[in-house]
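Trainee: I should like to learn how the terms used for a protein model are justified. May we take the terms one by one and set each value against its cut-off?

Mentor: Certainly; let us begin once the model is before us.

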Amino acid sequence: MRETLTATLNALALLAISIVLLFAFYAQFAYGELPCPLCLLQRAGFVMVGVGLALNVILGVAPGHYGLMILGALSGAVPALRQVALHVVPGTGAYGDPFLGLHFYTWAFLVFALVILGSAAMLVLGGFATAPARRLSGLGLVAVVFFALMTLGNGVSTLAECGLGLCPDNPTSYEALDSLSGR
């Protein structure tokens, strides 16, 4: 019973992380909001969190997977907090449009904090370090495939935006595509 609940919670959390990546991806294309370097670092943090969750779903729950999630959340929370600090002073502007009153980077910081708290709670509860891997089907399969697609899509768009070099501080176009078209 406990193993089933834990597997379901991990699959639902993986879906939630995938939806965060989807929403950022959607804003990028629907509203032309190209992600800045700090935004890309936050997306990388979400991918690290997702990898930890995917490992729990595919291989079974293990403390090391939660540790990876905490490291991913910390690696995403730092650039999110940096971005909040850059725009906290009134009149300094912001990056992107707000969603439900807060900017994406503020939401990202809050989600990363929740991931750290949730992972720590799962580690404290313990007792499932030996939870066996289960056949991947249903919700777990959907969550892993959706996450893989979001990760691949975000990776390809990042490569298109930045090419093989450094990403621009304030991106206005897809540099790799521009260089292919001769612009």
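Trainee: In which helix does L81 lie?

Mentor: L81 lies in helix α3, which covers residues 63-87. Please keep in mind that this is a predicted model.

Trainee: What makes L81 partly exposed?

Mentor: The relative accessibility of L81 is 45%. Buried would require a value under 20% and exposed a value over 50%, so L81 counts as partly exposed. One may add that the C-alpha atoms of L81 and Y105 are separated by 7.5 Å, although the two residues are 24 apart along the chain.

Trainee: What is the secondary structure of the chain, and what pattern does the chain follow?

Mentor: The protein chain has 6 helices and 0 strands. Along the sequence, the pattern reads α-α-α-α-α-α.

Trainee: How are two packed helices described?

Mentor: The description uses the angle between the two axes and the distance between them.

Trainee: Why are α2 and α4 called roughly parallel?

Mentor: Helix α2 (residues 37-59) and helix α4 (residues 104-125) pack at an angle of about 25°, and their axes are 11 Å apart. Angles under 35 degrees count as roughly parallel, and α2 and α4 therefore receive that name. Their crossing is left-handed.

Trainee: Which residues of α2 and α4 meet?

Mentor: On the side of α2 they are Q42, G45, F46 and V49; on the side of α4 they are Y105, A108, V111, F112 and V115. By class, this contact has 7 nonpolar residues, 2 polar residues and no charged residues.

Trainee: Why is α2 called roughly antiparallel to α3?

Mentor: The axes of α2 and α3 cross at roughly 160° and come within 8 Å. An angle over 145 degrees counts as roughly antiparallel, so this is the term for α2 and α3. The crossing of α2 past α3 is left-handed. The residues of this contact divide into 17 nonpolar, 9 polar and 1 charged.

Trainee: Is S18 buried or exposed, and how do you know?

Mentor: S18 has a relative accessibility of 0%. The cut-off for buried is under 20%, so S18 counts as buried. S18 lies in helix α1, residues 2-30. Leaving aside residues up to four places away in sequence, S18 touches A143, F146, F147 and M150.

Trainee: How much of the protein chain is buried?

Mentor: Buried residues make up 38% of the 183 residues in the protein chain.

Trainee: How many aromatic pairs does a search of the whole structure find?

Mentor: The search finds 4 aromatic pairs. One of them is formed by F23 and F104, with 5.3 Å centre to centre and 80° between the planes.

Trainee: What makes the pair of F23 and F104 edge-to-face?

Mentor: Ring centres must lie within 6.5 Å for a pair, and planes over 60 degrees apart count as edge-to-face. At 5.3 Å and 80°, F23 and F104 satisfy both conditions. F23 lies in helix α1 and F104 in helix α4, so the pair ties together parts that are 81 residues apart in sequence. F23, at 34%, is partly exposed, and F104, at 28%, is partly exposed.

Trainee: How do you know that Y26 and Y31 form an edge-to-face pair?

Mentor: Their rings are 5.8 Å apart centre to centre, with 85° between the planes. The limits are again within 6.5 Å and over 60 degrees, so the pair is edge-to-face. Y26 has a relative accessible area of 46% and is partly exposed, whereas Y31, at 55%, counts as exposed.

Trainee: What makes N170 exposed?

Mentor: Its relative accessibility is 54%. Exposed means over 50%, so N170 counts as exposed. N170 has its place in the loop between α5 and α6. The C-alpha atoms of N170 and P35, 135 residues apart along the chain, are separated by 8.4 Å.

Trainee: Why is L141 called partly exposed?

Mentor: L141, found in helix α5 (residues 138-162), has a relative accessibility of 38%. That value falls between the cut-offs of 20% and 50%, so L141 counts as partly exposed. The C-alpha atoms of L141 and A11 are separated by 8.5 Å, with their positions 130 residues apart along the chain.

Methods: Residues numbered from 1 in each chain as written. Predicted model: local features only at pLDDT ≥ 70, side-chain atom pairs only at ≥ 80, totals over all residues. Heavy atoms only, no water. Helix = DSSP H or I, 4+ residues; strand = E, 2+ residues; numbered from the N terminus. Buried < 20%, exposed > 50% of the residue type's maximum accessible area, 1.4 Å probe, protein only. Axes fitted to C-alpha atoms, helices over the stretch in contact; angles between N-to-C directions. Parallel < 35°, antiparallel > 145°, perpendicular 65-115°, else oblique. Left-handed = near helix turned anticlockwise from the far one by under 90°. Contact = heavy atoms within 4.5 Å. Nonpolar A, V, L, I, M, F, W, Y, C, P; charged D, E, K, R; others polar. Phe/Tyr/Trp six-rings, centres within 6.5 Å; stacked < 30°, edge-to-face > 60°.
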